[in-house]
There are 2 protein chains.
Amino acid sequence: MEPIYNFSAGPASLPKAVMQQAQKEFLDWNGLGTSVMEISHRSKPFLKVAADAEQDLRDLLSIPDNYKVLFCQGGARAQFAAIPMNLLGEATTADYIDGGYWAASAVDEAQKYCQPNVIKAMTEIDGKTAIIPASDWPISEQAAYVHFCPNETIDGIEINDLPNTDKPIVADMSSTILSREIDVSKYGVIYAGAQKNIGPAGLCIVIVRDDLLDLACNELPSILNYKVLFEKESMFNTPPTYAWYLSGLVFKWLKANGGVAAMEKVNREKAALLYQCIDESDFYRNNVHANNRSLMNVPFQLAKPELDGLFLEQAEARGLQALKGHRAVGGMRASIYNAMPLEGVQALVDFMKEFEAENK
Amino acid sequence: MEPIYNFSAGPASLPKAVMQQAQKEFLDWNGLGTSVMEISHRSKPFLKVAADAEQDLRDLLSIPDNYKVLFCQGGARAQFAAIPMNLLGEATTADYIDGGYWAASAVDEAQKYCQPNVIKAMTEIDGKTAIIPASDWPISEQAAYVHFCPNETIDGIEINDLPNTDKPIVADMSSTILSREIDVSKYGVIYAGAQKNIGPAGLCIVIVRDDLLDLACNELPSILNYKVLFEKESMFNTPPTYAWYLSGLVFKWLKANGGVAAMEKVNREKAALLYQCIDESDFYRNNVHANNRSLMNVPFQLAKPELDGLFLEQAEARGLQALKGHRAVGGMRASIYNAMPLEGVQALVDFMKEFEAENK
């Protein structure tokens with residue numbers, strides 16, 4: 001049987017070695033004769049899982065000591081409410097850079113709590129979708145913070161520069177975290193739903209600078225309150241222990257495989273290989289400008305959309321899974337997070353070339 | 001090796017057969033060559049998992065058609081905020097029956113959103129902790145709803161009657177759901193964190209009567225909004241798919257094993273066996289009145305608390321795990337949810353008798 005390569009945008013595939021280890025110890029973890037998901041979150045063995053995961057993440061991202069790491073329930077959409085409720089303080093507005101579907105979704109939720117100042121960042125260059133340079137974003141004076149989403153999973157757009165501001169920068173890194181090196185100290189809050197580069201769905205990691213913990217509004221549910229979560233060591237509520245454990249295994253796998261720098265190198269190779277295949281052909285196209293193409297999510301369309309079904313069917317038969325594009329965009333999308341090996345992208349490119357030759 | 005019996009209060013043990021199936025298909029689910037946790041929540045195979053889980057739960061609890069079933073992220077504590085934010089409407093108060101630790105925790109959170117009318121339900125009868133009969137609870141006129149927690153996991157207290165009211169009754173059934181037959185039509189909202197009788201931590205099931213979907217306050221985060229969750233089929237956010245899948249397996253296991261009526265029968269046998277062992281001895285004691293003893297969580301103390309450590313050590317050596325009582329109560333606690341077989345309780349009782357004989 002050919003190897004399976006799963007290009008799902010999320011919940012996404014996890015590193016094979018992690019999944020194999022998790023399966024092996026599924027019924028008998030740590031010699032306990034029971035699963036890690038069946039023990040108390042306050043038991044010593046689980047507390048070590050929790051602490052190790054935090055420390056490994058701190059090591060991987062070089063998180064400064066004045067940043068708290070929170071393991072929250074839910075995904076990024078919970079944070080779309082948590083961000084304004086935690087950070088607005090007395091302010092009544094915040095800047096939201098709109099660079100795609102998810103950035104816009106964050107605005108929708110923020111409107112319940114403030115009047116977001118929406119900064120349209122999308123433009124067109126040479127007929128391709130592009131992002132206006134950050135130096136041209138009209139950042140407001142009154143904003144409590146500046147929110148942006150550096151990688152748009154659906155649109156396949158990446159923002160490579162940072163807002164030019166001394167306000168706290170808040171970044172939805174659901175599909176970028178751990179895929180490349182970042183300087184955490186430049187951010188006020190980084191948050192990421194786990195189900196792309198971290199672990200299974202149902203967990204969200206929040207990295208928050210400690211001077212931002214005292215601004216929460218009274219109506220903020222405690223389970224979304226950064227200060228409460230910090231003080232209770234992310235165990236105010238029974239946490240999603242199995243997702244936390246699996247994420248910890250992913251962090252250890254990342255460290256054993258060269259960390260974020262090594263991932264970034266392979267991720268750039270993977271993306272270059274796939275975009276090159278698209279660009280060399282008239283049969284496939286990607287409509288994002290080279291400056292803003294996502295390293296993680298590569299949407300592409302067939303010049304003959306009537307072949308979409310056949311493409312997906314034949315890809316599936318070759319073990320190339322979940323390539324169907326998001327319903328908002330159509331066509332195809334290959335999500336190539338950390339867990340996708342270079343061989344997977346090579347297999348996809350080989351198939352794409354064969355399919356083109358047969359159907360041109 | 002002796003079998004392991006895990007008495008954890010939650011995250012709690014799951015049915016062995018479920019865990020074995022999950023392990024077997026961990027890397028290759030449904031013939032896909034990938035894990036169920038690595039596929040899109042919107043893929044056909046996962047949508048079937050989701051729909052089956054809902055239907056099986058509806059069958060198990062005979063949930064009427066005018067009730068919605070929501071698969072939410074987080075545990076009961078998220079609902080402590082969601083309940084008032086979803087249900088208060090124009091009202092400024094709700095009745096909260098205080099029968100233990102969790103009922104009181106719900107009050108703490110509700111105070112952010114209203115002035116809860118706290119009805120102290122705990123009393124003493126013959127020197128034992130007991131619950132005042134529901135007919136004597138001073139239900140208020142202005143309350144939007146009446147909240148109670150029929151089983152207190154920490155205190156080991158059970159409330160067996162329902163508030164006498166025509167207001168919506170809201171019940172935190174985290175540790176009671178599926179353990180016995182209930183009449184859903186008597187409730188406005190039933191909610192339950194999964195990690196006791198349903199599945200792994202990180203999921204909360206909400207069963208809500210459909211006339212209560214239009215009362216949400218403006219500040220309610222969308223991920224806690226019952227109407228949004230219903231309209232989006234519990235997929236407003238990427239749901240915790242693996243927890244949903246495992247819960248679905250538990251529901252199928254319950255159906256295959258006689259459903260809730262069969263569980264209730266065994267649960268009553270298990271509890272009777274354990275309380276009998278405690279009551280026949282001066283060496284162990286449980287301080288809850290017989291009327292209000294929990295079927296699910298049995299706290300007990302040793303007459304010689306200096307033996308607590310030895311008791312736990314020897315129990316552990318016999319494969320009887322996680323018997324240490326909650327730090328708020330001390331002593332021991334045996335949580336005997338659906339997944340705990342009668343043999344597990346028998347093994348515990350055998351050990352308790354031996355330990356007593358050796359240390360009396």
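**Exercise 1. Classify the contact between the side chains of B:Lys252 and B:Asp56, and place both residues in the chain.**

Step 1. The side chains of B:Lys252 and B:Asp56 form a salt bridge, with N and O 2.8 Å apart. The term requires a side-chain nitrogen of Lys or Arg within 4 Å of a carboxyl oxygen of Asp or Glu.

Step 2. B:Lys252 belongs to helix 6 of chain B and B:Asp56 to helix 2 (residues 44-61), so the pair ties together parts that are 196 residues apart in sequence. Helices (H or I, at least four residues) and strands (E, at least two) are DSSP runs numbered from the N terminus.

Step 3. B:Lys252 is partly exposed at 40% relative accessible area, whereas B:Asp56 is buried at 8%. Buried means under 20% relative accessible area, exposed over 50%, and partly exposed in between (1.4 Å probe, protein chains only).

Step 4. In chain A, salt bridges with shared partners join A:Lys48, A:Asp52, A:Asp56, A:Asp59, A:Lys252 and A:Lys255 into one network.

The model is predicted: local features need pLDDT of at least 70, side-chain atom pairs count only at pLDDT 80 or more, and totals for chains, interfaces and linings use all residues. Residues are numbered from 1 along each chain as its sequence is written, chains are lettered from A and ligands numbered from 1 in the order in which they are written, and side-chain values use heavy atoms, leaving out hydrogens and water.

**Exercise 2. Determine which elements the salt bridge of A:Asp279 and A:Arg293 links, and whether each residue is buried or partly exposed.**

Step 1. The N to O distance in this salt bridge is 2.8 Å.

Step 2. A:Asp279 is in helix 7 (residues 259-279) of chain A, and A:Arg293 is in the loop between strand 13 (284-285) and strand 14 (297-302), 14 residues apart.

Step 3. A:Asp279 is partly exposed at 45% relative accessibility; A:Arg293 is buried at 11%.

Step 4. Over all chains the count is 32 salt bridges.

**Exercise 3. Describe the contact between chain B and chain A.**

Step 1. Chain B gives 57 residues and chain A gives 57 residues to the contact (heavy atoms within 4.5 Å).

Step 2. About 4,400 Å² is buried between the chains, with 57% from carbon and sulfur atoms. This area is the accessible area (1.4 Å probe) that two parts lose on being put together, summed over both.

Step 3. Between the chains there are zero salt bridges and 21 residue pairs in polar contact, both residues at pLDDT 80 or more. A polar contact is a pair of N or O atoms within 3.5 Å; within protein, one must be able to donate a hydrogen and the other to accept it, and residues adjacent in sequence count only if both atoms are side-chain atoms.

Step 4. On the side of chain B, the elements giving two or more residues are helix 1 (16-24), helix 3 (76-87) and helix 6 (241-256).

Step 5. A:Arg77 lies over the face of B:Phe236, 4.4 Å from the ring centre, and B:Arg77 lies over the ring of A:Phe236, also at 4.4 Å. The criterion is NZ of Lys or CZ of Arg within 6 Å of the ring centre and within 35 degrees of the ring normal.
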